[in-house]
Amino acid sequence: MLDAARTYSVGMSSAIPLNVGIARSAASGPADADTGKRVLLAEPRGYCAGVDRAVETVEKSLERHGAPIYVRKEIVHNRHVVETLRERGVIFVDETDEVPEGAVVVFSAHGVSPAVHESAAARNLHTIDATCPLVTKVHQEAKRFARDDFDILLIGHEGHEEVEGTAGEAPEHVQLVDGPDSVGKVTVRDESKVIWLSQTTLSVDETMETVKRLRERFPSLQDPPSDDICYATQNRQVAVKAMAPECDLVIVVGSRNSSNSVRLVEVALNAGAKAAHLVDFAREVDSAWLAGARTIGITSGASVPEILVRGVLDMLAEHGFADVKPVTTANETLVFALPRELRATRA
Ligand code: 2E7
Ligand code: F3S
């Protein structure tokens with residue numbers, strides 16, 4: 001369960017010891033010691049197991065079927081990933097009706113509703129499903145509680161693909177709750193049969209606030225059988241919370257449409273960072289942000305390749321921030337198997 005005490009205990013404390021080590025010792029020099037300029041590098045950051053699997057799914061599909069292949073929506077919400085795959089022969093579409101009959105289409109990591117599966121089948125598309133297994137788990141929960149005739153309060157951001165996919169499993173039973181301020185609008189049929197589920201990439205703190213307000217209205221509200229906010233989202237928020245109180249500036253590498261990346265900016269600010277900005281690429285870092293800063297925190301969203309973080313570190317080193325210390329709050333080892341039809345080819 002998303003239990004406040006368990007989830008927050010590390011991140012809420014600004015006194016936790018930083019797991020400090022020199023990541024780029026060759027680059028750090030006496031100038032840093034003089035100026036006190038340093039970078040704190042969040043660990044974990046960047047790719048989660050679901051993104052790793054989704055990107056590899058597209059790469060293997062390209063190898064196996066040859067270009068072009070089609071991907072419904074962005075495979076993950078990252079400009080660099082999407083642009084790179086487009087250059088390699090991927091055609092990104094909004095809906096399956098844009099895919100030629102019989103062609104290969106990959107469904108994105110954020111998941112799709114049964115209606116999308118049906119429309120792909122009707123066009124005889126060869127579908128490969130890169131939905132993250134942790135999203136599939138939430139879909140199963142939605143189906144199960146709909147079958148048991150619960151009202152399902154799905155906490156999430158309106159219009160996000162993941163929410164559309166999950167809600168589409170049981171549209172008659174699901175109501176979207178878009179944050180604490182939406183709680184007043186919720187109506188249910190039977191207050192004794194209400195459960196909340198959520199999008200996987202929400203702010204843990206804001207979700208707990210939404211749940212608290214929902215429970216004030218519906219005291220019998222049931223919790224999901226297991227955390228819907230995924231391990232990667234939680235771990236990246238804990239890491240950024242650990243560093244934020246010491247940071248004059250936090251730079252989050254990630255795209256504007258990446259929910260989990262945007263959440264990291266909010267979490268950093270709420271945890272005491274003096275400023276926090278989201279950038280897709282190093283060239284977007286405004287040198288005015290660096291003026292007067294001594295400690296800069298760096299992290300990245302779950303859809304962000306490490307090369308983009310390296311670009312920001314290199315840029316900061318040129319501005320005298322060559323002393324880089326990791327701040328490690330968890331070690332991640334989870335790996336997901338590729339979709340069945342591609343499994344034999346995984347390295
Ligand atoms: C799938 C899911 O692609 P992202 O930036 O997606 P979000 O949901 O944060 O906009 O990050 C990876 C990812 C996260 N959640 C992929 Cl369901
Ligand atoms: Fe899956 Fe969470 Fe990543 S839902 S795609 S592991 S951010």
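Author: A polar contact is a pair of N or O atoms within 3.5 Å. The model discussed here is predicted.

Reader: How far does a backbone N or O atom of Ser259 lie from an oxygen atom of ligand 1?

Author: The cut-off for a polar contact is 3.5 Å. The backbone atom of Ser259 and the oxygen atom of ligand 1 form such a pair, because their distance falls within that limit. That distance is 2.7 Å.

Reader: Which residue has a side-chain N or O atom 2.6 Å from an oxygen atom of ligand 1?

Author: Among the 15 residues that surround ligand 1, the closest are His77, Ser258, Ser259, Asn260 and Ser303. A polar backbone atom of Asn257 is 3.5 Å from an oxygen atom of this ligand. The side-chain atom at 2.6 Å belongs to Ser258.

Reader: How much of the accessible area of ligand 1 does the protein cover?

Author: On its own, ligand 1 has 400 Å² of accessible area. The part of this area covered by the protein is 96%.

Reader: How many residues of the shell around ligand 1 are polar?

Author: The shell divides into three classes, of which the charged class holds one residue. Four residues are nonpolar. The number of polar residues is ten.

Reader: How many nonpolar residues does the shell around ligand 2 have?

Author: The residues around ligand 2 include Cys48, Val51, Cys132, Leu134 and Tyr231. By class, this shell has no charged residues and two polar ones. The nonpolar residues number seven.

Reader: In which cavity does ligand 2 sit?

Author: The whole structure has three cavities of 30 Å³ or more. One of them holds about 300 Å³ of space, and the space taken by ligand 1 is this cavity. Ligand 2 also sits there, in the largest cavity.

Reader: Which helix gives the largest share of the lining of the largest cavity?

Author: This cavity is lined by 23 residues, and the closest to its centre are Cys48, Val51, His110, Thr200 and Thr201. Helices H3 (49–65), H6 (133–147), H9 (231–243) and H10 (259–270) each give two or more residues to the lining. The largest share, three residues, comes from H9.

Reader: Which helix gives the largest share of the lining of the second largest cavity?

Author: The second largest cavity has a volume of about 50 Å³. Its lining includes Ile155, His157, Asp178, Glu206 and Thr210, and by class it divides into three nonpolar, five polar and two charged residues. Three lining residues, the largest share, come from helix H8.

Note on methods:
Residues numbered from 1 in each chain as written. Chains lettered and ligands numbered in written order. Predicted model: local features only at pLDDT ≥ 70, side-chain atom pairs only at ≥ 80, totals over all residues. Heavy atoms only, no water. Near = heavy atom within 4 Å. Polar contact = N/O pair within 3.5 Å; in protein donor to acceptor, adjacent residues only side chain to side chain. Areas by Shrake-Rupley, 256 points an atom, 1.4 Å probe, with all protein chains shown as cover. 1 Å grid on protein atoms, 1.4 Å probe; cavity = no way out; pocket = protein on both sides within 12 Å on 5 of 7 lines; lining within 4 Å. Sits in = over half its atoms within 2 Å of the grid points. Nonpolar A, V, L, I, M, F, W, Y, C, P; charged D, E, K, R; others polar. Points joined across faces, edges and corners; volume = space filled by probe spheres on them. Helix = DSSP H or I, 4+ residues; strand = E, 2+ residues; numbered from the N terminus.
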